[in-house]
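Visitor: I should like to learn how to read strand pairing, domain contacts and salt bridges in a model. Please take them in turn.

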Amino acid sequence: MAMIKEEDIRKIAKLAHLEITDEEVALYTPQMADIVGYVEQLNELATDSVEPATGGLTPEGEATETKRRDVIEGSLGQQLALDQAPTPSHGHFRVPKVL
Amino acid sequence: MKEGWEAVIGMEIHAQLKTETKIFCGCAANFGDEPNANTCPVCLGLPGALPVLNEKVVELGAKAALSLGLNINETSIFSRKNYFYPDLPKGYQISQFDKPFSSNGTLEVLTAERDESGHAKDWKPIKIHIERMHLEEDAGKNVHEGLPDVDKYSYIDLNRAGTPLGEIVTGPDFRTSWQAYDYVNHVRRVLQWVGASDADMEKGNLRCEANVSVRKVGEEKFRNKVELKNLNSVRFMQKAIEYEIERQIEAHESGEGVNQETRLWDEKNNKTKVMRSKEDAHDYRYFPEPDLQPLKVSTEFIEKIKSEIPELPDAMLARFQRDYDLTFADASQLVGDISLAAFYEATAAASKNARASANWILSELQREWNAAGNSAADSPVSAENLAELIRFLDEEKINGKQAKEVLIEMFASGKSAADVVKEQGLEQISDSGAIEKIVEDVMAANEGQVAAYRGGNEKLLGFFVGQVMKASKGQANPKMVNEVLLEKLK
């Protein structure tokens with residue numbers, strides 16, 4: 001069984017920029033342990049002779065050429081890029097002050 | 001550095017690779033344009049958008065890696081580096097982690113300590129281990145100045161987000177700030193030479209960070225290191241490292257100790273200051289980027305790239321000394337910049353006088369460039385025009401003093417040497433008939449002195465030369481004047 005402690009939950013929440021209450025920490029800790037424990041069943045499989053899959057693709061897929069030529073394809077432009085932003089200003093995305 | 005201590009320095013260089021488009025999308029890689037104009041769903045990190053690798057990034061990355069002595073890995077993997085920052089719209093940067101594009105290189109770098117006035121003392125090669133050069137995307141830009149309420153808000157321009165970078169990481173192999181300085185210059189020039197990057201620190205397409213610690217001589221373990229940032233020129237970088245070495249030695253000796261932290265160079269006060277530190281140590285939770293396939297490069301591709309690498313700066317330096325008979329000091333100045341080296345070679349070829357070409361470029365022309373804020377890249381006097389001037393001098397059409405004046409006029413007007421010489425009526429009189437005529441006139445006007453000379457007062461020769469030069473308005477060829485006078489005064 002995976003060892004998931006409350007401090008792990010607090011750290012994950014912080015890295016994800018989520019604010020959670022103490023009650024939620026108590027609630028999520030066993031839930032997270034269950035999830036990790038469930039996935040850990042995979043460790044029972046013998047994978048010594050299996051190549052790690054990266055890119056989430058099949059070996060056939062990995063052989064596909066997937067590069068593009070260095071040719072400008074056009075962009076959205078300033079107005080369209082900022083259209084859906086909550087607080088655009090002076091051609092920029094505007095956010096609370098960062099250091 | 002204080003006796004008994006040594007510095008341990010490792011360098012990280014980010015070089016923007018010189019492509020037309022970004023690394024994973026077809027937006028123009030121009031970040032001087034209108035803010036956020038060069039953006040699309042991929043580089044804005046909009047849901048569902050998928051990255052596709054730019055093949056030019058692989059080509060330029062390979063050129064850079066091979067010319068820095070690195071080995072290119074047959075397979076490399078892109079990974080997500082996760083962190084939150086407003087200039088990083090996806091919440092992760094696509095970079096490379098445990099399987100980088102290239103690794104394990106050895107680079108020989110010429111380096112020298114400098115005396116107090118900045119003159120290099122004794123150039124010698126050192127071997128540097130380059131751990132890796134990986135490929136990644138740049139973040140956007142936070143704008144903190146020139147817009148309303150910057151005390152409350154940050155403004156984000158994502159034109160730079162997704163431009164391709166090569167990150168070059170060395171081992172902790174430097175022992176002095178000048179070694180690090182010479183290394184960065186070496187890398188800068190190599191990247192320019194192979195066309196992988198403009199590598200201009202002032203324009204931000206080459207950025208470097210230095211990891212600095214100190215230890216007692218003989219100590220094996222490393223002490224706490226400080227990461228130096230905000231190094232906007234190679235000179236600032238050298239000063240920042242130098243400052244940091246002294247600061248750390250003092251901190252160790254006083255018992256205060258050195259914190260593992262990031263410090264910024266404050267160029268106004270000439271010191272480093274601690275950057276507001278993040279509470280947690282970095283935890284980037286790298287994992288393989290599922291939207292990109294492993295990058296594979298073939299042996300044929302590597303061989304093709306190798307064959308395209310031009311003569312590198314150190315080889316050019318040796319050739320300039322050997323073929324053009326230049327001193328190390330002159331040759332190394334000329335290979336300091338790719339445009340300057342090309343300008344020199346073009347001048348030397350057209351003038352057929354390699355030494356004079358070096359002298360003229362490094363003294364007279366360099367002075368004009370400095371004064372006008374130009375360089376070889378945008379010189380008002382072309383290499384061909386400078387070569388013509390040098391030929392006029394070699395053919396004794398003009399004298400050295402006149403040549404300097406002609407150059408200044410060429411620089412100001414952009415005219416050719418021939419045009420300036422003609423306009424100013426400077427062309428030296430080398431026609432023997434014309435000179436004989438002037439000599440005869442001068443002798444006729446100074447019969448007394450002619451008699452005295454013939455009577456044995458040979459010092460008067462100088463007087464005659466002066467009179468002839470005056471009569472020719474300084475244009476007579478002085479060597480011919482002498483010869484003609486000696487003949488006629490016999």
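**Strands, domains and salt bridges in chain B**

Guide: S7(B) and strand S8 (residues 124-137) of chain B run antiparallel and are joined by nine bridges. Two strands pair if DSSP finds at least two bridges between them; helices (H or I, at least four residues) and strands (E, at least two) are DSSP runs, numbered from the N terminus. The model is predicted: local features need pLDDT of at least 70, side-chain atom pairs count only at pLDDT 80 or more, and totals for chains, interfaces and linings use all residues. Residues are numbered from 1 along each chain as its sequence is written, chains are lettered from A and ligands numbered from 1 in the order in which they are written, and side-chain values use heavy atoms, with hydrogens and water left out.

Visitor: In S8(B), which residue is the bridge partner of Glu108(B)?

Guide: The partner is Lys127(B). S8(B) also pairs with strand S11 (residues 164-170) of chain B, in the antiparallel sense over seven bridges. There, Arg132(B) has Val169(B) in S11(B) as its bridge partner.

Visitor: Into which domains is chain B divided?

Guide: Domain bounds come from an automatic or database domain assignment. For chain B they give domain 1 (5-300), domain 2 (311-424) and domain 3 (432-488).

Visitor: How much area do domain 1 of chain B and domain 2 of chain B bury between them?

Guide: The size of an interface is often given as the accessible area lost when the parts come together. Buried area here is the accessible area (1.4 Å probe) that two parts lose on being put together, summed over both. Domain 1 of chain B and domain 2 of chain B bury about 980 Å², 68% of it on carbon and sulfur atoms. Leu110(B), Arg189(B) and Trp193(B) supply 61% of the area that domain 1 of chain B buries against domain 2 of chain B, more than any other three residues.

Visitor: How many salt bridges are counted between these two domains?

Guide: A salt bridge is a side-chain nitrogen of Lys or Arg within 4 Å of a carboxyl oxygen of Asp or Glu. Between domain 1 of chain B and domain 2 of chain B the count is zero, whereas the structure holds 37 over all chains. One of the salt bridges joins Asp198(B) to Lys18(B), with the closest N and O atoms 3.1 Å apart. Asp198(B) lies in the loop between H3 and strand S12 (206-216) of chain B and Lys18(B) in the loop between strand S1 (5-16) and helix H1 (41-44) of chain B, so the pair ties together parts that are 180 residues apart in sequence.
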